[in-house]
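Here are a few exercises to work through with the model open in front of you. Try each task before you read its solution.

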Amino acid sequence: MQGVSWSARSTKLPSRSQLCNEYGVSDTVVGKAMMILRATGLTETLEGVGVFVAEKPPTS
């Protein structure tokens, strides 16, 4: 998500299946990418709601 404006914070990301279809990649690839984004603090997951761009950028 390098280069993403933080004005996009709280934006809901597309579903895993939508991302797979849009980018022509497997669910495994999307799952790994989502795991990295979550681990680096770039996204937040709300159970039963979805994945969102984090409210605040991670601090280095």
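**Exercise 1.** Find the buried residues of α2 and work out how they sit around the helix axis.

*Solution.* Keep in mind that this is a predicted model. Start with the list: V30, G31, M34 and L37 are the buried residues of α2. Next, look at their directions: they span an arc of only 125° around the axis, so they sit on the same side of α2. Then turn to the face pointing away from that buried side, where you'll meet the exposed residues T28, K32 and A39. Finally, see what lies over the buried residues: the cover includes α1, β1 (43-46) and β2 (50-53).

**Exercise 2.** Check the span of α2 against what 1.5 Å a residue would give.

*Solution.* Count first: α2 has 13 residues, which should span 18 Å at 1.5 Å a residue. Now compare with the model: the end C-alpha atoms of α2 are 18 Å apart, so the two agree. While you're here, step just past the helix: G41 has a positive phi of about 80°.

**Exercise 3.** How many salt bridges does the structure hold, and which parts do they tie together?

*Solution.* There's one salt bridge. It joins the side chains of D27 and R16, at 3.0 Å from N to O. Place the partners: D27 is in helix α2 (residues 27-39) and R16 is in helix α1 (residues 16-23), so the pair links parts 11 residues apart in sequence. Buried or exposed? D27 is partly exposed, with a relative accessible area of 41%, and R16 is partly exposed too, at 38%.

Conventions
Residues numbered from 1 in each chain as written. Predicted model: local features only at pLDDT ≥ 70, side-chain atom pairs only at ≥ 80, totals over all residues. Heavy atoms only, no water. Salt bridge = Lys/Arg side-chain N within 4 Å of Asp/Glu carboxyl O. Helix = DSSP H or I, 4+ residues; strand = E, 2+ residues; numbered from the N terminus. Buried < 20%, exposed > 50% of the residue type's maximum accessible area, 1.4 Å probe, protein only. Expected span 1.5 Å × (residues − 1). Arc of directions from axis to C-beta. Contact = heavy atoms within 4.5 Å.
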